[in-house]
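Here is a short tour of one protein model, meant to be read with the structure open beside it. Follow along and look up each site as it comes.

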Amino acid sequence: MKITVIGGGPGGLYFSILTKKAMPHCQIDVYERNRPDDSFGFGVVFSDETLGEFLKRDMQSYELIRSKFAYWDDIIIARDGLEVTIAGNGFCGCSRKTLLQLLHQRCDEEGVNLHFEAYIEDLNQFEDSDIIVACDGISSQIRTQFESSFGTKVVMKKNKFVWMGSSKPLDAFTYFFKETEHGAFAAHTYQYEEGMSTWIFECAPETWDKFGFDTYNEDDTVQKLQELFKSELDGHSLITNKSHWRQFPHVTNENWFHKNIVLLGDSKATAHYSIGSGTKLAMESAIALSDAIVANPKDIQTAFQNYEKSRRNIVEMIQYAANVSLDWFENMDRHIQHPFYQFAFGCMTRSKKVTYENLQIRDKSFTDKVLREYNSKYDCHTEPIEVPAAFSTFKLRDLEIQNRIAMSSMGQYSAENGLVNDWHFQHYTSRAIGGLGLILTEMTAVSKTGRITLGCAGIYDENQIVEWKRINDFIHQNTQTKVGIQLGHSGRKGATKKPWETEDLQNKWELLSASSIAFNENFPTPKEMTLEDMDLITFQFVQATKNAEKAGFDMIELQAHHGFLLASFLSPLTNTRTDEFGGSIQNRLNFPLRVFNEMRNAFPKEKPMSVRISATDWAENGISEEDAITIAKTFKEAGADIINVSTGNTVSHQKPQTGRMWQTPYSDTIRNTVHVPTITAGYIQDIDQINTIILNGRADLVALGRPLLLDPNFVRNAQAYEKFQANDIPNQYKMGISHLFPLKASERKQVEGMKKALKPKSNKK
């Protein structure tokens, strides 16, 4: 077999070493455009986990790398004179030039042919190659020639960054953050060999412009950054090596191979440097590609398929986490306003892979500082460190909520003629007894034709008020849980079957929407609302508000999300009007804002109101980030006390990017840009995630949906897990404490033991 490798970076070299070891009789040629002693960049980073994989795959490479690296266990976060150390991380830095030289040595030892100063554009010279590995970097010439076959997409990210070195010694991986009059800077720094460290500086493009940087003027860049980070450099100078300002390219490919050409390294996929080295990603993929070829030497297409199958999900998960991390750095100016330990905690948990509990296991002294600062801020307890963030109280107007865990609106579709019944009674009261801070009811229609299905609840007649009051009275008499009602109108998504029904509704009522656009082919085309329709709908919302007060609700949430009636005005995908209710976001807000204002005037001033919005439609040309900020700001100024930040479900062709805690970045944006409290939801499953979200300032309340459907005692279990003694457990149930708390303590001990056991072994010399 003849294998041609285009690009002599770490990924291509390591692939060649492993494959030649496993298949000694194959011919492998590596073609590198640079000289053997050239290297652009300074250091590369590996985790203990990655080093452990190197140990298993090629002991010689592992020992060579390990003999040259600088190891650290700590991460330091420093901001304008404040500093905190977080232990228990386990990384090493190695000179990129040294790494390449070590891999060159191993290639020579295994019999891989290295060709330097070989710039390859034409592949015709390799017609006799069985495999061509294209690992020629981010701007891959080979990939570009076949980009339509690979399905290549390159998206340039916002921030400006520059890669430099310094003689400044560092004891740990250190993030230096600096506030300036023109915006925030970050320096990602680490030592990679004795007397040498990598310094990656980044800032927002607006900050870059205001400082007057020039992309290619290295001397000017060095002068300005050395002055800006004078104290951090401590008399040491910055060193350049083609250190030009860049923007990070996010590279993806729909197909990783074409005929006998396969992509590897940055030509295949990039991951932002803030989450780890692209070198790590390339070398781990090199292992998978080598394994696939060794297992299928006579069937290259199967080998390529197995390579892609084994790595695509992993790579895409890493890219997703890297993009979430990148987003945090692109919004430094938003995060830097937080108190220092909250800011540091946000930095450590930015990608959502690391949580409060992970950090507590690594370095409890750090999480104690974070929790103490948080609880001191909210004045939660005389011994502030003892209160988990999830169980701190929260106040909206005169309403005090006993903890930060809410139940999200979940349709039960079990009402008859809009009338809630015993099913709803047990549904809501059992979860209140379970210790929730706040319950938000299912969407409750303001009119008969405002229902989504025939099973939807309503609050438009006296009988409905009575039945809702029965539920609220029980909750208020027996628990400390507060109850908010979500008032809404289905709009163009109404008159449909219940989720578990197979046959569609026969006698549909007329649907209303901002514009005459059907939700999908199975829904009727709605009527575009007239001014008279708006008057009637506004009256119905106001009457429902008054009814909610009669029924004893503590709070009202206005439904303006997921493409229902009011939301249909907010999205440009569902609002194509040309009058004062369409066009600009200010115009699109006019009708929903009118409804909210009249509801606010009709509801007691001491009681809070929430508005639930969709911060993105997950579809092209939908609600933008600027739109979402304007929507939240407008409702805040009108008297909304909290914004419940959801996303999507506006149009049927949406393409959401889901995952754990997937909607929290949108809540973060609204909360910390508009400076309004927020509620977040979306695949949040345990108390650790809730504590993490609250502590890093991404939301003020966390709403759970599906986790509460089969576990009405989620909060009680979480309290036991956290050893938090709640004061709202009913007397009838207090005997259960002596059983539940030891059980959960034992479970937690087992979980923490597993996490410690699964932590990669240290590779420190």
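## Salt bridges

In this predicted model, the side chains of Asp700 and Arg671 meet in a salt bridge, at 2.9 Å from N to O. The pair links distant parts of the chain: Asp700 sits in the loop between α24 (687-695) and β30 (701-704), while Arg671 belongs to helix α23 (residues 664-675), 29 residues apart. Both Asp700 and Arg671 are buried. This is one of the 34 salt bridges that the structure holds. As background, side chains of opposite charge can pair when their charged atoms come close.

A second example stays within one helix. Lys280 and Glu284 both lie in helix α10 (residues 278-295), four residues apart, which is about one turn of the helix. An α-helix has 3.6 residues a turn, so residues three or four places apart point the same way. The side chains of Lys280 and Glu284 meet in a salt bridge of 2.8 Å, N to O. Are these two partners buried or exposed? Lys280 has 18% relative accessibility and so counts as buried, because the cut-off for that word is under 20%. Glu284 is buried too, with a relative accessible area of 14%.

## A mixed pair and a network

The salt bridge between the side chains of Asp533 and Lys527 spans 3.1 Å, N to O. Its two ends differ in class: Asp533 counts as buried at 13% relative accessibility, whereas Lys527 counts as partly exposed at 30%.

Salt bridges also join into a network, and this one links Lys21, Asp58, Arg106, Glu109 and Glu110.

## Aromatic pairs

How many aromatic pairs does the structure hold? There are 38 of them. In one, the rings of Trp256 and Tyr307 have their centres 5.5 Å apart and their planes at 50°, so the pair is tilted. Trp256 lies in the loop between β15 (246-253) and β16 (257-258), and Tyr307 lies in helix α11 (residues 300-330), so the pair ties together parts that are 51 residues apart in sequence. Trp256 and Tyr307 are both buried.

Another tilted pair is formed by Trp328 and Phe343, whose ring centres are 5.5 Å apart and whose planes meet at 40°. This pair also links distant parts of the chain, with Trp328 in helix α11 and Phe343 in helix α13 (residues 340-348), 15 residues apart. Both Trp328 and Phe343 are buried. Elsewhere on your tour, look for the cluster in which ring pairs link Phe176, Phe185, Trp199, Phe201, Trp208, Phe211, Phe213, Phe229 and Trp245.

## Two enclosed helices

Helix α13, the home of Phe343, deserves a look of its own. Eight of the nine residues of α13 are buried, so the helix is largely enclosed by the rest of the structure. The buried residues in α13 are Phe340, Gln342, Phe343, Ala344, Phe345, Gly346, Cys347 and Met348.

Helix α26 (residues 714-721) can be described in a similar way: seven of its eight residues are buried, so α26 is largely enclosed by the rest of the structure. Which residues of α26 are buried? They are Phe714, Val715, Arg716, Ala718, Gln719, Ala720 and Tyr721. After α26 comes Lys723, whose phi is positive, near 55°.

## Surface charge

On the surface, Asp80, Glu179, Glu206, Asp209 and Asp333 gather in a patch of negative charge. Asp209, one of its members, lies in helix α7 (residues 205-211). With a relative accessible area of 54%, Asp209 is exposed.

## Two loop residues

Lys353 has its place in the loop between α13 and α14 (356-362). Lys353 counts as partly exposed, at 45% relative accessibility. Lys353 and Arg143 are 210 residues apart along the chain, and their C-alpha atoms are separated by 31 Å.

Leu454 is found in the loop between β22 (444-445) and α17 (462-478). At 42% relative accessibility, Leu454 counts as partly exposed. From C-alpha to C-alpha, Leu454 and Gly494 are 9.4 Å apart in space, with their positions 40 residues apart in sequence.

Methods: Residues numbered from 1 in each chain as written. Predicted model: local features only at pLDDT ≥ 70, side-chain atom pairs only at ≥ 80, totals over all residues. Heavy atoms only, no water. Patch = residues over 30% accessible without salt bridge, like charges linked within 9 Å, V, L, I, M, F, W, Y side chains within 5 Å. Areas by Shrake-Rupley, 256 points an atom, 1.4 Å probe, with all protein chains shown as cover. Salt bridge = Lys/Arg side-chain N within 4 Å of Asp/Glu carboxyl O. Lys, Arg positive; Asp, Glu negative; His and termini not counted. Charge placed at Lys NZ, Arg CZ, Asp CG, Glu CD. Buried < 20%, exposed > 50% of the residue type's maximum accessible area, 1.4 Å probe, protein only. Phe/Tyr/Trp six-rings, centres within 6.5 Å; stacked < 30°, edge-to-face > 60°.
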